[in-house]
Each structure stands twice: as structure tokens, then as C-alpha cells.
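Q: Please take a close look at one helix of this predicted model, and then connect that helix to the packing and the open spaces of the chain.

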Amino acid sequence: MVKHYTNFNIQKIHKGSIILIGNFDGLHLGHQKLFRVAESYKKKYNLKIGVVNFNPMPKMFFNKSLKNFKLSNINQKIKLLSNLKVDFVITKKFDKKFSKIKASNFVIQILNKKLSSKFIFVSNNFRFGNKREGNVNLLKKYEKLFNYKVVKPEPLIKSKKIVSSSLIRNLLEKGKLNRANNLLNRNWSIQGIVRKGRQIGKKIGFPTCNIDIQDYVLAKPGVYAVKVLRKNNNKYLKGIANLGYRPTFNQKKILLEVHLFNFSGNLYNKLLSVEFLKFIRKEKKFKNVNQLRVQIKKDLNTARNTK
């Protein structure tokens, strides 16, 4: 199991490790390539692998209007990292005080004194410290003095594009779920608590679980085939989901509603993980509830037949 820290005061066993710094949002194929390189260093030098990431993501901290942005939450990220042979994760709270740290102090006080880093993996455009003054060149400047080595693996290119979290967000926003899932190497998913809604689904014969999408990226509003996992239960439940504003009912707030097939039970306040399998159609305003019912039945057939 991955050891999770919320500060840089790590156990002795984790000092002198391979450190990867970044948001690693979504942990896509590009990130996975990076971790495979780190794993080869782990075997060669007999070292542990640690990840330094920040919450909120610095981009969201500096741009308060950026609400729906993330591909994965902290829990999902840690689970994915444990599959990538990571030994420990440091999720540092990114706040005003931390954003003011001088770049040289980040290297001296944190990467060297606190972590005793041996290898530091960063992307080519990595920036850090107050006003983003630190970069790869600054890290390299201290290499000899602090006895670490900077590693900058080449980005992964697919279809002439660099695989990045931004590219995947863009694909999800355009409804290109298949391509996004391919670049993630898994089904994109949202994790959230089931909340009591307005019971509209129940009234029209299709009860749903209502899930607040929090700060997840807003994929193209519409209807999706999904499969769902409950906490501490490895059995998937198939279903259909509507992600959007429910224009037929004049809703203003974005909501994820999931209707599960062959399931009866109370899921209020339960944590669900909803995996998106197929984009069925975009959201549409219907003249009346009967028209909506007819369309839902067609959508249900499509979702049931989705592998």
C-alpha cells in the first residue's frame, strides 16, 4: 500500500528516493510511460519512488474561476499510483504561503533537506517557486551541490499530438470519450456521494442516483453508457447516466444522474465510482415528458448493449 503524506516530513525509509513532481492529473499514458522509466531506475539503483503533487492544483489556485477542471480526485490518483509501483505520495496543500516560497528555497529546504532526493523527474516545462521563477535549469544548477540528478523523459506522442491532461480534457469536452479512454488506458470515471435530488427520474419511471461532479472536468453534456462500483464492492453494476443541466426540466446546476440496471436498494450518502463507457447522444430539450420517456427507452437499449 502506498504511504500518503500531507507534508514533507517523511519517514527515514522514504528519504533518498526517486522523486516525481507534477499534478499527474488523470495519470494518462504519458504519465504511465514516465513511471515505467522511474521503475527502471528503482530496480537499477534499489531506491523507492515518491510523488510530490499539490492540492488544489496550482492552476486552480491561481485561477479561482476554473471550477470544472480535474480528470481525477485525490483518492483515484493514489489508487492509480499504487498500481504504478509508487512507494509514497506527498500531497501538499497549495496555499498562499506555499506559493510564495522562493524557487531556490524549494530546492534547498524541501528537495534536498527534507527529502534528500536522489533523482528528480520533471517535465521539460516544469515551473516552480514564487511567480514560477524556478525551472529545469535551476534544478540542474544544484545537481552537483546536492548530489541528485534531474531526469526529463521525452513526452509521449500519439497521432502527432503530445499526450497530456489538457488534450484529454479537450476530448471529453467534445464528447470524444473513446479517444480519451484510450489515452487514459482505462475508462474515465467520476467518484462522488449520492445525494437526494428532486426525484424527477423516479416520477417518470427511471429512478436515478444524483451525484455532484464537484471540480471534475465537465465532459460533453449528454447521455452515457456507464458501469458503477460501490465502495468496498468489486461487482460492477451496469447503467446509463445523464450528465448535464436537464433542459426539459429547466435545471441550472450541472448534475450527474445515474440509472442502474437490475438494482434495487438505497444508495443515499454512498460513495460511487461511475465509469464512462460510451457517449450515446448530446443533451436535448424535449417538448414534454412523454417524448423524453420514448427517447430514454431507446437510450437504455443502447446502454444495455454497450460492452
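**A helix with two sides**

A: On one side of α9, Asn 178 and Asn 182 are exposed. This is a predicted model, and what follows is read from its atoms. The buried residues of α9 are Leu 177, Ala 180, Asn 181, Leu 183 and Leu 184. Because these buried residues cover an arc of only 165° around the axis, they sit on the same side of α9, and Asn 178 and Asn 182 are on the other side. The partners against which the buried residues of α9 pack are α1, β7 (157-158), α8, β11 and β14. After the helix comes Asn 185, which has a positive phi, near 70°.

One of those partners, α8, can be described in a similar way. Its buried residues are Ser 165, Leu 167, Ile 168, Arg 169, Leu 171 and Leu 172, and the elements that cover them include α1, β8 (161-162) and α9. Just after α8, Gly 175 has a positive phi of about 80°.

Both helices also belong to a wider assembly of side chains. In soluble globular proteins, nonpolar side chains tend to be buried together. Here the largest nonpolar core has 35 residues, and those with the most contacts inside it are Leu 172, Trp 188, Val 226, Leu 256, Val 258, Val 274 and Phe 276. Two or more residues of this core come from each of α8 (165-173), α9 (177-184), β9 (189-195), β10 (209-211), β11 (222-230), β12 (237-244), β13 (255-260) and β14 (271-282). A second, separate core of 29 residues includes Ile 110, Leu 115, Val 136 and Tyr 148. Within the largest core, Val 226 is one of the residues with the most contacts; leaving aside residues up to four places away in sequence, Val 226 touches Leu 237, Lys 238, Gly 239, Ile 240, Ala 241, Val 258, Val 274, Glu 275, Phe 276 and Leu 277.

The neighbours of α9 also lead to the open spaces of the model. The largest pocket holds about 1,400 Å³ of space, and of the 44 residues that line this pocket, Gly 22, Asn 23, Ser 123, Asn 125 and Phe 126 are the closest to its centre. At least two lining residues come from each of α1 (29-45), α2 (58-62), α4 (96-99) and α8, and α1 gives the most, with four residues. By class, the lining of the largest pocket has 21 nonpolar, 14 polar and nine charged residues.

The second largest pocket has about 730 Å³ of space; it is lined by 28 residues, of which Gln 76, Lys 79, Gln 191, Leu 229 and Ser 273 are the closest to its centre. The elements that give two or more residues to the lining of the second largest pocket are α3, β9, β11 and β14, with α3 giving the most, seven residues. This lining divides into 10 nonpolar, 13 polar and five charged residues.

Enclosed space is present as well, since the structure holds two cavities of 30 Å³ or more. The second largest cavity has about 30 Å³ of space and is lined by Asp 25, Phe 54, Asn 55, Met 57, Lys 70, Ser 72, Ile 74 and Lys 77. At least two of these lining residues come from each of β3 (49-55) and α3 (74-83). Asn 55, one of the lining residues, is joined to Pro 56 by a cis peptide bond with omega about -5°, and Pro 56 is placed in the loop between β3 and α2.

Two further backbone details lie in loops. Leu 27, in the loop between β2 (18-21) and α1, has a positive phi of about 40° although it is not a glycine, and at 2% relative accessibility Leu 27 counts as buried. Gln 214, in the loop between β10 and β11, likewise has a positive phi, near 50°, but Gln 214 is partly exposed, with a relative accessible area of 42%.

As for the setting of all this, the chain comprises 11 helices and 14 strands, and 50% of its 307 residues count as buried. Its C-alpha atoms fill a box of roughly 70 × 40 × 35 Å along the principal axes. Among contacts between residues at least 6 apart in sequence, 73% join residues at least 24 apart.

Methods. Residues numbered from 1 in each chain as written. Heavy atoms only, no water. Core = buried A, V, L, I, M, F, W, Y, C linked by side-chain atoms within 4.5 Å. Buried < 20%, exposed > 50% of the residue type's maximum accessible area, 1.4 Å probe, protein only. Contact = heavy atoms within 4.5 Å. 1 Å grid on protein atoms, 1.4 Å probe; cavity = no way out; pocket = protein on both sides within 12 Å on 5 of 7 lines; lining within 4 Å. Points joined across faces, edges and corners; volume = space filled by probe spheres on them. Nonpolar A, V, L, I, M, F, W, Y, C, P; charged D, E, K, R; others polar. Arc of directions from axis to C-beta.
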